[in-house]
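Below is a brief report on one protein model. It moves from pockets to salt bridges, then to a helix and a loop residue.

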Amino acid sequence: MTDPFVVVGGDAAGLSAASKCKREDPDREVVVFEKGSWVSYAHCGTPYFVKGEVESLDRLLSLSPEDVADRGIDLKRHHEVLSVDTDAQTVTVRGSHDETFEQPYGDLLVATGAHAVTSPIDGAGCEGAFTMHGLDSAARTRAFLLGPETDAVADIGGEPYVDEAEVTHYGNMEPPESVAIVGGGYVGIEMAEAFSAHDLDVHLFQRSEHVLKPFGEPVAERVEDHLREQGVTLHMNSEVEGIRSDSEGTVEAIAFDGKAIAVEMALVGIGIRPNMAIIEDTPVAIGDSGAIAVDDYGRTNVEGVYAAGDVAEMRHAVTGDPDWVPLGLTANRAGRAIGQTVAGTDDDPEPVGDIAGTAVVKAFDLECGRTGITDVETAREHGFDPVSETITSRSRSGYYPGGAETTVTLVADRDSKRLLGGTIVGADRAAIRIDVLAMALEQDATVPELERTDLAYAPPFAPVWDPILTAAKVLRGAMA
């Protein structure tokens, strides 16, 4: 076999591509390089592992290394790809014993993912300061919360892949009673719930006026009120200057706006950036977002080189422009499509599909969803004449128990009446309703078409006019 399909990165996009290629073309050599211990894991489940709802770290694994090997894939963990030579069609690899070697490829997939950003937060590397990106991050964080009275390694699980020395180190420390969360995005909100479950005094710092910026003001305001009800102290419009440590290098305070609050733990959740190092000295093109530019099939501008997952752009379903929205389904779907294309079993390559930025997040008892363009200024920047309306209605028939107020915001283009996006927030199955809007965006539906959609009705599930339909009715009236 002289034409290997080489994959750099052993998580969602990488192993989806490797598995699909091997399934469609069993005789093709497929090699996957992963620089860490973990492969194919549920990153989005880490806050719930820290909280304790997911009991063992290995419950977050979709595939074990043994499962990957059973599929006929040559998985090489603890192997870091250092560089790519697109002319020679080779990658330079540092192996598990620090040896380096060249690996040729016929096709190459860059699926290196992203890394958590801590700059410009000073002190983010001190003892007791964490990010939440990857299973090792989750293991360190939960071990610190457990304290020395427990066997942290046994409690966390994940053997033999977990770093036992690191887990033991944090497990031997006295558990914190207070924590500062820097950043009010997905990670910050989910971790506020996780830390509260451990009875920590939680302070959340957000540099702008509202949390969950992509979800818009109506969602943010309800979430903020709910966080306060749950005992989380919010510091809005607050610029964090740094994390202060004591003489032993352990977190002791968070500095912001010229003052400080004593805390014993910190979590920085201010975003992620794509891992681009291996293609820096190659002709592979970078998009305006800072991620790798690809076409509709995940192909870069270099023959035989693909990119997918958190390291790559995708085309936005509403604007038609490249965008970078790193989410789990996006990575899995694109990887699977590329694996199909590389296997070459069909005459036509498999499209990776568009993205709409569809996302959901849980904030204690509230569920939040978003899709498409949810901000009118962003819509104007893309040439639309946006109209937006927000409604609040019940999630079930008013006489049926269990219903809750559900707030829906829709954005549309005035001239074409095309739906551009929407958000939703509520405590009773609100988040899953966003999928109706996501499908409408994929079909380029207008607001009148959305209003006429035949959604299901029964008192235990929805009122006659579902909140989505009510919002469409109101927005249509505003465009008349």
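## Pocket, cavity and charge pairs

The lining of the second largest pocket is made up of six nonpolar, two polar and six charged residues. The model is predicted. This pocket holds about 190 Å³ of space. Its lining counts 14 residues, and D295, D296, M314, R315 and D354 lie nearest its centre.

Two of those central residues pair up. D296 and R315 form a salt bridge, with their closest N and O atoms 3.4 Å apart. D296 sits in the loop between β17 (272–274) and β18 (305–307), and R315 in strand β19 (residues 314–315), so the bridge ties together parts 19 residues apart in sequence. D296 is partly exposed, at 33% relative accessibility. R315 is partly exposed too, at 36%.

M314 also helps line the largest cavity, along with residues including D310, W324 and I355. That cavity has a volume of about 60 Å³. One cavity of 30 Å³ or more is present in the structure. Its lining residues divide into eight nonpolar, two polar and two charged.

The salt bridges total 22. Three of them are listed here.

| Pair | Closest N to O distance |
|---|---|
| K51 and E53 | 3.3 Å |
| K51 and E193 | 2.6 Å |
| D296 and R315 | 3.4 Å |

K51 and E193 form a salt bridge. This pair links distant parts of the chain: K51 is in helix α2 and E193 in helix α7, 142 residues apart. E193 is buried, because its relative accessible area of 4% falls under the 20% cut-off. Shared partners join K51, E53, E193 and K362 into one salt-bridge network.

## Helix α4

How far apart are the end C-alpha atoms of helix α4? They are 16 Å apart, which agrees with the 16 Å expected for its twelve residues (135–146) at 1.5 Å a residue. Ten of the twelve are buried, so α4 is largely enclosed by the rest of the structure. Among the buried residues are L135, R140, R142, F144 and L145. The buried residues of α4 pack against α2 (46–51), β9 (129–130), α5 (152–156), α6 (164–171) and α7 (186–197). G147 follows α4, with a positive phi near 85°.

## H79

H79 is found in the loop between β3 (74–77) and β4 (80–85). Is H79 buried or exposed? H79 is buried, because its relative accessible area is 12%, under the 20% cut-off. Beyond its neighbours within four places in sequence, H79 contacts F33, E34, K35, V93, R94, G95, S96, E99 and F101.

Technical notes. Residues are numbered from 1 along each chain as its sequence is written. This is a predicted model: local features need pLDDT of at least 70, side-chain atom pairs count only at pLDDT 80 or more; totals for chains, interfaces and linings use all residues. Side-chain values use heavy atoms; hydrogens and water are left out. Helices (H or I, at least four residues) and strands (E, at least two) are DSSP runs, numbered from the N terminus. Buried means under 20% relative accessible area, exposed over 50%, partly exposed in between (1.4 Å probe, protein chains only). Contact means heavy atoms within 4.5 Å. The expected span of a helix is 1.5 Å times one less than its number of residues. On a 1 Å grid over the protein atoms alone, a cavity is a set of points where a 1.4 Å probe fits but cannot get out, and a pocket is an open set with protein on both sides within 12 Å along at least five of seven lines; lining residues have an atom within 4 Å of a point. Grid points are joined across faces, edges and corners, and a volume is the space filled by probe spheres set on the points. Ala, Val, Leu, Ile, Met, Phe, Trp, Tyr, Cys and Pro count as nonpolar, Asp, Glu, Lys and Arg as charged, and the others, Gly among them, as polar. A salt bridge is a side-chain nitrogen of Lys or Arg within 4 Å of a carboxyl oxygen of Asp or Glu.
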